[in-house]
Amino acid sequence: MPSVASIVARSYPDKIIGIENTLPWHLRTDLQLFKKRTQGHAVIMGRKTFESIGQPLPKRTNIILSRAEPNYLTEFPELRWAPNPETALLLADIDSIISGKMEFFVIGGDQIYQIFEGRINRIFVTDVFCGHINGDAKFETDFDAKTKGKKSEWWIKSEEDFPRSDFDDFPFRVTEYRRRVPFHRYRVKEELMGREPTLDAFWEQYQFRLEAEVSEEQLPLF
Ligand SMILES: NC(=O)c1ccc[n+]([C@@H]2O[C@H](COP(=O)([O-])OP(=O)(O)OC[C@H]3O[C@@H](n4cnc5c(N)ncnc54)[C@H](OP(=O)(O)O)[C@@H]3O)[C@@H](O)[C@H]2O)c1
């Protein structure tokens, strides 16, 4: 199955990612990197993060996790609603397979990072050197942590520093971490795709099944 990637910007050293459902900074260069890395891929996000953005991210399949069906699905018919993490993964898998992508992105916020953290194989972490700030959302994983003298679970693929500028409120560093032992998920492609290799066709069939299931329970595909 496609691999789970992620991307986050957080304050250094406190690991704050948001306050009152907004980002605590404006970093145009980092947003450009976010766009470049995620465009063409499926992105999974929480309902609150979607609402803070206010509209679907263009050129990406936007999958929104919410326990209740959002009332803006008619306004944004291209959005995909996932009532639980299993559905989000399934939709991201199907979309990635159809568009020939090896991975999709989990893009927050706090609750959603916590759900998928154990499945992420690579992550772009932006450390924002903004000092101590107030916040109510965090992403606390320490990717450099070593347990019992062993190596960290992650290795650093790349690291790049960016200065403060007219477009970027603070200096920041972008580090790409990769999991040493990647988490693999296996599934027979045909089991997912049937004879309908489009996300829309699949979604129609799947919505029908979702309605027939108890939505809080694990769906039979997982
Ligand atoms: N700095 C960054 O890189 C970054 C990235 C993204 C977001 N953020 C920030 O993070 C903050 C938002 O994070 P957050 O934790 O408050 O919200 P969030 O993770 O964006 O969304 C939380 C919502 O996701 C849904 N959800 C959670 N678990 C679920 C489950 N198991 N099944 C179905 N739906 C589920 C629920 O929606 P319902 O209540 O509708 O059921 C929940 O209220 C904002 O400040 C945002 O700006 C920062």
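In the predicted model, Ile98 is found in helix 3. With a relative accessibility of 34%, Ile98 counts as partly exposed, because this value falls between the limits of 20% for buried and 50% for exposed residues. A residue remote in sequence lies across from this position: Ile98 and Leu199 are 101 residues apart along the chain, yet their C-alpha atoms are 7.5 Å apart in space.

Helix 3 spans residues 85-98, and the loop that links strand 5 (80-82) to this helix contains Asn84. Asn84 has a relative accessibility of 6% and therefore counts as buried, the limit being under 20%. The side chain of Asn84 makes a polar contact of 2.7 Å with the side chain of Thr87. Asn84 is also paired in space with Ser66, from which it is separated by 18 residues along the chain and by 7.1 Å between C-alpha atoms. Ser66 in turn is one of the residues that come nearest to the ligand.

Two further pairs bring together distant parts of the sequence. Pro2 lies in the segment before strand 1, and at 8% relative accessibility it is classed as buried. The C-alpha atoms of Pro2 and Met102 are 4.9 Å apart, with a sequence separation of 100 residues. Ile16, placed in strand 2, is likewise buried, with a relative accessible area of 6%. Between Ile16 and Asp110 the sequence separation is 94 residues, and the distance from C-alpha to C-alpha is 9.3 Å. Strand 2 (16-18) and helix 4 (110-116) each supply at least two residues of the shell around the ligand.

The ligand sits in the largest pocket of the model. There are 27 residues around the ligand, of which Ala9, Arg47, Thr49, Ser66 and Arg67 come nearest. Besides strand 2 and helix 4, strand 1 (3-11) and helix 2 (47-53) also contribute at least two residues each to this shell. The most is given by helix 4, which supplies five residues. Sorted by class, the shell consists of 13 nonpolar, 10 polar and four charged residues.

Oxygen atoms of the ligand approach polar atoms of the protein at several positions. At Thr49, the partner is an N or O atom of the side chain, and the distance to a ligand oxygen is 2.6 Å. At Asp110, a polar backbone atom lies 3.3 Å from an oxygen atom of the ligand. A polar backbone atom also provides the partner at Thr22, where the distance to a ligand oxygen is 3.4 Å. On its own the ligand has 930 Å² of accessible area, and the protein covers 87% of this.

Asp110 thus appears both in the pair with Ile16 and in a backbone approach to the ligand. Thr49, for its part, is listed among the residues nearest to the ligand and offers a side-chain atom to a ligand oxygen.

Several backbone features depart from the usual pattern. Most residues other than glycine have a negative phi, and most peptide bonds are trans. The peptide bond from Tyr12 to Pro13 is cis, with omega near 5 degrees. Pro13 is placed in the loop between strand 1 and strand 2, and both of these strands supply residues to the shell around the ligand. A cis peptide bond also joins Gly108 and Gly109, with omega at about 0 degrees. Gly109 belongs to the loop between strand 6 (103-106) and helix 4.

Positive phi values occur at Glu20 and Asn21, in the loop between strand 2 and helix 1 (28-38). For Glu20, phi is near 45 degrees, a positive value in a residue other than glycine. For Asn21, also a residue other than glycine, phi is near 60 degrees. The two residues are assigned to separate accessibility classes. Glu20, at 68% relative accessibility, counts as exposed because the limit for this class is over 50%. Asn21, at 37%, counts as partly exposed.

Definitions and conventions:
Residues are numbered from 1 along each chain as its sequence is written. This is a predicted model: local features need pLDDT of at least 70, side-chain atom pairs count only at pLDDT 80 or more; totals for chains, interfaces and linings use all residues. Side-chain values use heavy atoms; hydrogens and water are left out. A residue is near a molecule or strand if one of its heavy atoms lies within 4 Å of it. A polar contact is a pair of N or O atoms within 3.5 Å; within protein, one must be able to donate a hydrogen and the other to accept it, and residues adjacent in sequence count only if both atoms are side-chain atoms. Accessible areas come from the Shrake-Rupley method with a 1.4 Å probe; for residues, only the protein chains shown count as cover. On a 1 Å grid over the protein atoms alone, a cavity is a set of points where a 1.4 Å probe fits but cannot get out, and a pocket is an open set with protein on both sides within 12 Å along at least five of seven lines; lining residues have an atom within 4 Å of a point. A molecule sits in a cavity or pocket if more than half of its atoms lie within 2 Å of its grid points. Helices (H or I, at least four residues) and strands (E, at least two) are DSSP runs, numbered from the N terminus. Ala, Val, Leu, Ile, Met, Phe, Trp, Tyr, Cys and Pro count as nonpolar, Asp, Glu, Lys and Arg as charged, and the others, Gly among them, as polar. Buried means under 20% relative accessible area, exposed over 50%, partly exposed in between (1.4 Å probe, protein chains only).
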